[in-house]
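User: I am new to this structure and would be grateful for a close look at a single part. Please describe how one pair of helices packs together, and then place that description beside a few other features.

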Amino acid sequence: MSANILSLNLVELGHFCAYLAMLVALVQGLAPMVAHYLKQPRVAQLSVNGSVAVFALTTLGGLSLIHAFVTSNFSVQYVAQHSNSLLPIFYKVAALWGGHEGSLYLWVWVLTLYTMVVGLHGRKQYPEHLPVILAVQGWLIVGFFGLILFLSNPFERLFPIPADGHDLNPLLQDPGMVFHPPMLYLGYVGFSVPFAFAMTALITRWRSELWIGLIRRWALIAWGFLTTGVMLGGWWAYYELGWGGYWAWDPVENASFMPWLLGTALVHSITVQDRRRMLHAWNIFLVISTFALSLLGTFLVRSGVLSSVHAFAVDPGRGAYILVFMTVVLTVSFGIFMLRGRYQQAEESITSLMSRESLFVWNNVLFTVACASVLLGTLYPLALDTFTGQKITVGAPYFNIVMVPIFLVIVLLMAVGPLVPWRKANLERLRMRLLWPLVIAMATALSVIVFLPASHWTAPAATGVAIFALMNLITEFARAIRQRRIQLKEPLPRACVKTVLGNRRHYGGMIVHFGIVIIALGLVGSGLFRSEASVNMVPGDVVEVAGERLRFDGVSPQRGQNYNAMQGRLTLLNSGREVRPERRQYMRQEMPMTESGIDSTLLRDVYVAMADSTGGDRWAVHVYVNPLVQLIWIGGLIILSGLFLSLSTRRRAGSGETTATK
């Protein structure tokens, strides 16, 4: 009885802390304005102190909800809707972001975390601008808390108290649920920091060369988390949904992909401004637009306007609030940009079309066009339905036709860009550097045409472009090592390490590009050369797909903590290894689920999904052979390693330059 009372009191305490957090965030947002009006600079420091208090209060609220989930406190309506007494403990914790109300609370929780870190970091780095930065963040926090506390309250109570909860959606009872949403939110919300810096720069006329290097690091951190979230989402969809794929151009997938595209353009464009004092206004536009797309993703997923496996069905009032909030943010931010943007003028201009800054500009153009294309394909059906009542679906064919050529050109630019110097290139030297990678790439593309004549045109084109980029990266790295060994007479291992550590920012970027090329090869192999078969099998039957022979050995019952399952057993006759897909039935929701069985090597995945029994001992089995799909996940890890290397540099005090951290 005392434990129940304690649990009830903790929920009320958490609810009260959430209201306090909103009030303190309001003070945080108002403090610089009041300080300016009263001509009392010390008042502005309330923003700095408030950032810590808001995070602490929001954390208390979040922990009280997690405690309610862990202790199965079904007097909380949100817990009753998304948990169950049989739910494993780590899914009870992850259930906090398993529905609309909790996912919004996670959003604002992450926002307060970023705000506090900026506040602590900025006390010595940029103290005179810090209150305004935190004020911008404070107003965003107020906006989200307004939605949470008045329209999407996760603390709302339920009486009478049910004996048990409805359970978490079985689709979400997976390790991917534990990691994918937090990573995605750390990426989404992370772009609020560059947004706050840009707004502060416009309001206070902060010189670009003093703040652009600061937002580079924050943009890279947000981009890294968003990349991790997107990769984890693809991996989760791959092994969980049983369809053998990892990306379906689902509208909610697109909602995370769009800020990734503009965020990628931003981290490249910041480099140009940092090195060449160019693209000042364009970078502010990208910062605002990237954060706007993060808000748009929130609107699309949580407003109920989309039909998606990812989307939450909610009432129109919440969607209207998010839409109004997003409109206010965009109107204010772009209004300030139009009024003050002329004070952020470029100091230099492009002097040659064949220069690194010129290729970066083309890179930005392509990423922006790609983002606009995805935005059009995602929103056009919604607009058509709203204004005409006509319902259409824009699916993979549109996106593949539009996006594949764009990304081929992007990879091509990525291959050439690191070889081109700033300001102007020596065309003869560039031609010599590109010659052998081009020859190898053309030979590889020709081999695809000869040995796989029935393949789509994108197979040789994409393979050739990817190999061209890969060879350029390898030869450029080898050239730098050779020069170091000639100059310093170092052994090969030491030269490799010292070359990378001597310019972490440059080689971190090259490693990121290397990872993207590896992903491109994985996309080509798994997307264009996948084989599949759907068969009904009884024990002893053998099916052959793309040279892989599988024998069906029957099924056996299995029992999980909150589900029953029939587990299939299939033997790969080529290697003797077993694959064990499952057909699960969750007890509370009585919802059937498919758990795929996957046998992976570097060159291919044998992917097996089992459907329902078709009578007696006969079961429907779907078999996919996905070549090179593991390269996608390996490439993602390579990207993150390059990002960590690039972030291991630190800014020199008072300058925009970076130096390697010892």
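Analyst: In this predicted model, helix α9, which covers residues 208-240, packs against helix α10, residues 251-276. The angle between the two is about 150°, and their axes lie 9 Å apart. Since angles over 145 degrees count as roughly antiparallel, α9 and α10 are therefore described as roughly antiparallel to each other. Their crossing is left-handed.

The contact draws on residues from both helices. From α9, the participants are S208, I212, I215, R216, A219, L220, W223, L226, T227 and V230. They meet S256, P259, W260, G263, T264, L266, V267, I270, Q273 and D274 of α10. By character, the residues of this contact comprise 12 nonpolar, 6 polar and 2 charged. A tryptophan is contributed from each side, W223 in α9 and W260 in α10.

Another helix, α5, spans residues 100-125 and has 26 residues. From its first C-alpha to its last, α5 reaches 37 Å, close to the 38 Å expected at 1.5 Å a residue. Of its 26 residues, 19 are buried, so α5 is largely enclosed by the rest of the structure.

A final point concerns G527, which is located in helix α18, residues 504-528. Apart from neighbours within four places in sequence, G527 is in contact with Y246 and G522. The C-alpha atoms of G527 and A459 are 9.4 Å from each other, although these residues are 68 residues apart along the chain.

Note on methods:
Residues are numbered from 1 along each chain as its sequence is written. This is a predicted model: local features need pLDDT of at least 70, side-chain atom pairs count only at pLDDT 80 or more; totals for chains, interfaces and linings use all residues. Side-chain values use heavy atoms; hydrogens and water are left out. Axes are lines fitted to C-alpha atoms, for helices over the stretch in contact, and angles run from 0 to 180 degrees between N-to-C directions. Helices (H or I, at least four residues) and strands (E, at least two) are DSSP runs, numbered from the N terminus. Angles under 35 degrees count as roughly parallel, over 145 as roughly antiparallel, 65 to 115 as roughly perpendicular and the rest as oblique. A crossing is left-handed if the near helix is turned anticlockwise from the far one by less than a right angle, and right-handed if clockwise. Contact means heavy atoms within 4.5 Å. Ala, Val, Leu, Ile, Met, Phe, Trp, Tyr, Cys and Pro count as nonpolar, Asp, Glu, Lys and Arg as charged, and the others, Gly among them, as polar. The expected span of a helix is 1.5 Å times one less than its number of residues. Buried means under 20% relative accessible area, exposed over 50%, partly exposed in between (1.4 Å probe, protein chains only).
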